[in-house]
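Good morning, and thank you for coming. Please look at the sequence and the model as they appear on the screen.

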Amino acid sequence: MIEKMAGRSRKQKKQRSSSCSWSSESSYSMSDLHYGAKLPQKKAKKEFLANPITGYLTEDDTNLDSSSMGRSKKRNRPSKKEQYAKLEIVKDEVSSSEDDQDSAVLSKKRPTCGRRKGADKGKKGNENGQRSKRATILSWLIDCDVIQENAEVVVIEGETRKKQGKINKDGILCCCCYNVFTVADFYKHAGGKSSKLYEKIFIAETCSPLLSSMVQAWNLPEEHKFRQFNLIETKEDASDTYDDACMICADGGDLMCCDKCSSTYHHEKCLGMKEIPKGSWYCTFCVCKFCGDPAYENDYLLKCSQCDKQYHWECHLAREPVSIDINHIPQGTFCDHSCNEIYDKLERHILGVEHELERSYKWALLQNTDDGSGINIEDHYQRTVCHSKLVVARRLMEDCFEQIIDRHTRIDVVKSVVYNCGSNFSRVNFKGFYTAILEKDEEIISAATIRIHGTKLAEMPFIATNKEYRRKGMCKKLLVAIESALCYLKVEKLVIPSVSERIGTWIENYGFRLVSSPLPKEIKMHNTLMFHDSKRLQKHLPSALSRTYRANSRDFFHPN
């Protein structure tokens, strides 16, 4: 495709330069920002300078380098020495037993100390015999003041009031036996038999079911703003409208620009091109995935509902003649049969469905479906529970990570990934992301974000565990469930970002290996979330899994 484009000579190729720096000698000028995310509220300049974005480390990390985040553009002035913020995959401590290993979470180095976020607070709480807040739906509803703590609830079946209790962050206190139950166990304790238990437990004061409270909390303005489309707008005096970071490595520098969209690339370092093509050049997101041509006059490209790549309908027909099934209503457009199959399996058997694991653990795949661009969960009850758990997973991620702000667009990366927010800039377009959770007794223990780019590739940029469950193999348990699902979807490879300090852990304990150089074609062709000071690791799923494990992955999801 690159060779084909290099032969075109319509106009002179555009090239631009950008750099990001932060040092004690430099000042951070907001006037240097020629574009920014259109977000509800931004942090003030002084607040940002006073509180640089930091991350957390394990208690064992020492001799930390001072680092922070910032950006400035090279606009006809000498560039300053770049001091990039260190981003790190911080593993949950690995115990001596292989079965007790935990996974890793992505974070940034803290400049002055080597503890996890809130480590001191958590230690103090443990000394007082207090447990950190549980990552549950009830805890979320109480924290956002939709439900008051100790509010009375009652189980109603038909016109019969069966049990009364009081809500707290640990569960529901039964008024007859004074035991604390989970929502499901309290409903069973009351003799309930419906699968939609949040519809059967009512708040006594308002006579409304818990499900209504969940919908209300999901639609709160302070919650809704996190799920907005990230519109990156250029200022009127901006010299260009392009992204300041490379699509592939997320770093700045001398970047080659696409002639159709805002995407930019390092032509030699990341694309492997010896020189900039003459004439017009279009990135992989603006051309047909089959023929490599863009949409010319009186032409158009369709977008695949699964992998988000564009294609000519004629090229699609040449590869896969259309067969009409009058018994099946198509839910989207797909570039090939494999993407259609992945989408169908996700919709029918995986998304929003609880999957049982051993010892009462469960895992599920969640996604924000409000904008209607992805898979639609038609059942209102299932969709509401899915969205509620997604909020709890987002809160868990925030407890584990310091805020990660994209240094070029000012987007909150973790929130945008968890809620699969779209953007007009391809690099920060997080459409297609799912959040996988591991839970037990209605408490979310671990959470990870994944995106599936067809059968060749999937990515997992974030994975985190509640600090109460670290060093107990919880992240590894979730990772095994994710790999099982990917095998069921026939995905061949899982890719993650990691800093140099954590590469050994991923390789030795989790079967990953460094991505070879030059980058494989499937990584160049897809938008995978990357951080400027990280390296990519990959895991070939079929070869990494035993025959028994692969067989279990086929039986893991049972058609209805």
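I shall begin with the whole protein and then turn to a few helices and one tyrosine.

Please keep in mind that this is a predicted model. The protein has 560 residues, and 54% of them are buried. Its secondary structure comes to 16 helices and 23 strands. Among contacts with a separation of 6 or more, 66% join residues 24 or more positions apart.

Let us consider a pair of helices. In general, two packed helices are described by the angle between their axes and the distance between the axes. Helix 6, residues 210-218, packs against helix 10, residues 380-400, at an angle of about 55 degrees, and the two axes are 10 Å apart. Helix 6 is therefore oblique to helix 10. The crossing of helix 6 with helix 10 is left-handed. Which residues of helix 6 make the contact? They are L211, M214, V215 and W218. On the side of helix 10, the contact includes H380, Y381, T384 and V385. By character, the residues of this contact divide into eight nonpolar, four polar and no charged.

Next comes helix 9, residues 337-350. At 1.5 Å a residue, its 14 residues should span 20 Å, and its end C-alpha atoms are 19 Å apart, which agrees. Which residues of helix 9 are buried? They are C339, I342, Y343, K345, L346, H349 and I350. The elements covering these buried residues include strand 16, strand 17, strand 18, strand 19 and helix 12. Just after helix 9, G352 adopts a positive phi of about 75 degrees.

Helix 12, which we have just met as part of that cover, deserves its own description. From its first C-alpha to its last, this helix of 15 residues reaches 21 Å, close to the 21 Å expected. Helix 12 is mostly covered, with 13 of its 15 residues buried. K490 follows helix 12, and its phi is also positive, near 65 degrees.

Finally, I turn to Y434, which lies in strand 18. Is Y434 buried or exposed? Its relative accessible area is 4%, so Y434 is buried. Leaving aside residues up to four places away in sequence, Y434 touches several others, including L346, L365, I375 and A448. L346 is one of the buried residues of helix 9, so to speak a link back to our earlier topic. As for A448, it is 14 residues from Y434 in sequence, and their C-alpha atoms are 8.3 Å apart in space.

Thank you for your attention.

Technical notes:
Residues numbered from 1 in each chain as written. Predicted model: local features only at pLDDT ≥ 70, side-chain atom pairs only at ≥ 80, totals over all residues. Heavy atoms only, no water. Axes fitted to C-alpha atoms, helices over the stretch in contact; angles between N-to-C directions. Helix = DSSP H or I, 4+ residues; strand = E, 2+ residues; numbered from the N terminus. Parallel < 35°, antiparallel > 145°, perpendicular 65-115°, else oblique. Left-handed = near helix turned anticlockwise from the far one by under 90°. Contact = heavy atoms within 4.5 Å. Nonpolar A, V, L, I, M, F, W, Y, C, P; charged D, E, K, R; others polar. Expected span 1.5 Å × (residues − 1). Buried < 20%, exposed > 50% of the residue type's maximum accessible area, 1.4 Å probe, protein only.
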